[in-house]
Amino acid sequence: MIEVINLKKRFGEKEVLKGVNLTIEDGEDIAILGKSGEGKSVFLKHIIGLLKPDEGSVLVDGIDITKLSKRELYQIRRSFSYVFQGAALFDSLTVFENIALPLRERAFSEREIKDRVKEALSLVDLDGIEELYPAALSGGMKKRVGLARAIVSKPRYLLYDEPTTGLDVITAWRINKLIKKINKMEGTTGILVTHDIRGALYTSDKIALLSDGVIVEIIESSRYKEAKTEKLREFLEAGGFLD
Ligand SMILES: Nc1ncnc2c1ncn2[C@@H]1O[C@H](COP(=O)(O)OP(=O)(O)OP(=O)(O)O)[C@@H](O)[C@H]1O
Ligand SMILES: [Mg+2]
């Protein structure tokens, strides 16, 4: 379980997070919705300790990760996978080696690595491309390889930073379908940050709107019509979900 309590972060004069509060239960899938520049990526980076807050805490199973040393953080991070905005593949490594990276850091046998990479590629419908280099892949394929790398270590928490940005609608939708499939896998908790309301409602049980540095509303995706705040209703309207 992840509990974000009164998280505050500023860069110079700019106060990006002004006291974010959010609880994410195990097995739940949540989308953090927000306009560009609202601090979604900054928020996500705090959840795995890539950024330290000015105030507030992030509890993972009751442990405040903002207070941990690098070494302790490293242990906790093993429960997490982070799908970066942009695919973030290593161009000099094959698809196989890119996906194998999270496993190489741990003591997996060569046999296990092979099996897991194959399984992960199959899950994202890219069987047999192990030996290709990223340069030979389309943008959508790169994103799917990024997803394969995220699931190969079977993490408890999957963090996605705008995984569909820059893709055509069909390819974006395929990625959303994959995210939903991954989120539904046993033992995974998905945290998706996006400005795509349609993808958020489709992939996640809940949506939380981040606006002006705070979470202004959280609703169950299936009950989006009951959204109360003007800001969330505006998002829903823009996506064609409200009349
Ligand atoms: N390392 C940093 N140093 C200074 N300012 C930063 C840093 N990281 C983020 N910011 C600022 O914080 C604000 C929020 O950035 P963030 O990347 O979290 O937005 P976002 O909601 O993810 O936007 P997008 O949808 O475009 O990805 C921006 O104004 C950005 O300039
Ligand atoms: Mg971002």
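## A guided tour from the A135 loop

Begin by selecting A135, which is found in the loop between α4 (110-123) and α5. The model on the screen is a predicted one, and each stop below should be read with that in mind. Is A135 buried or exposed? A135 counts as exposed, because it has 9 C-beta neighbours inside 10 Å, where a residue with 12 or fewer is placed in that class. If you now add T94 to the selection and draw a line from C-alpha to C-alpha, you will find 9.6 Å between A135 and T94, although the two are 41 residues apart in sequence.

**Step back to the whole chain**

Before going further, show the full chain, whose secondary structure comes to eight helices and ten strands. Along its principal axes, the C-alpha trace spans about 50 × 45 × 35 Å. The radius of gyration of the chain is 18 Å, which agrees with the value near 18 Å for a compact globule of 243 residues. Of the 243 residues, 37% are buried, and among contacts between residues at least 6 apart in sequence, 63% join residues at least 24 apart.

**Select the nonpolar core**

In soluble globular proteins, nonpolar side chains tend to be buried together. Here the largest nonpolar core has 60 residues, and those with the most contacts inside it are I32, L33, I99, A148, L159 and A208. Helix α5, covering residues 139-151, gives the most to this core, with five residues. To see how one core residue is surrounded, centre the view on I99: apart from its neighbours within four places in sequence, I99 is in contact with V117, A120, L121, V145, A148, R149 and V152.

**Move to ligand 1 and helix α1**

Next select ligand 1 together with the 14 residues around it, among which F11, S36, K40, S41 and V42 come nearest. The elements that give two or more residues to this shell are β2 (14-24) and α1 (40-47), and α1 gives the most, with three residues. If you colour the shell by class, you will see three nonpolar, seven polar and four charged residues.

Stay with α1 for a moment and ask how many of its residues are buried. The helix is mostly covered, with six of its eight residues buried, namely K40, V42, F43, L44, H46 and I47. K40 and V42 therefore appear in two selections, being buried members of α1 and also among the residues that come nearest to ligand 1. After α1 comes G49, which has a positive phi near 75 degrees.

**Follow the strands**

Now display the open sheet of four strands, which has the order β2-β1-β4-β5 and antiparallel pairing. β2 and β5 (63-64) stand at the edges, and because each has a single partner strand, one side of each is left without a neighbour in the sheet. At the β5 edge, two bridges join β5 to the antiparallel strand β4 (residues 55-60), and the bridge partner of L59 is D64 in β5.

Between β4 and β5 there is a loop that holds D61. Most residues other than glycine have a negative phi, and most peptide bonds are trans. D61, however, is not a glycine and has a positive phi of about 50 degrees. D61 is exposed, since 12 other C-beta atoms lie within 10 Å.

For a parallel pairing, select β6 (residues 80-83) and β7 (residues 157-161), which are joined by four bridges. V83 stands opposite Y160 in β7. Both faces of β6 are covered, with F80 and Y82 buried on one side and S81 and V83 buried on the other.

**Finish with K154 and G240**

In the loop between α5 and β7 you will find K154, which also is not a glycine and has a positive phi of about 50 degrees. K154 is partly exposed, because 15 other C-beta atoms lie within 10 Å.

The last selection is G240, in the segment after α8 (230-238). G240 is exposed, because it has 9 other C-beta atoms within 10 Å. Add R198 to close the tour: the C-alpha atoms of G240 and R198 are separated by 8.9 Å, while the two residues are 42 residues apart along the chain.

Note on methods:
Residues are numbered from 1 along each chain as its sequence is written. Chains are lettered from A and ligands numbered from 1 in the order in which they are written. This is a predicted model: local features need pLDDT of at least 70, side-chain atom pairs count only at pLDDT 80 or more; totals for chains, interfaces and linings use all residues. A residue is near a molecule or strand if its C-beta atom, placed from the backbone, lies within 6 Å of it. Ala, Val, Leu, Ile, Met, Phe, Trp, Tyr, Cys and Pro count as nonpolar, Asp, Glu, Lys and Arg as charged, and the others, Gly among them, as polar. A nonpolar core is a set of buried Ala, Val, Leu, Ile, Met, Phe, Trp, Tyr and Cys residues joined through C-beta atoms within 7 Å. A residue is buried if 20 or more other C-beta atoms lie within 10 Å of its own, exposed if 12 or fewer, and partly exposed in between; C-beta atoms are placed from the backbone. Two residues are in contact if their C-beta atoms, placed from the backbone, lie within 7 Å. Two strands pair if DSSP finds at least two bridges between them. The radius of gyration is taken over C-alpha atoms; the globule rule is 2.2 Å times the number of residues to the power 0.38.
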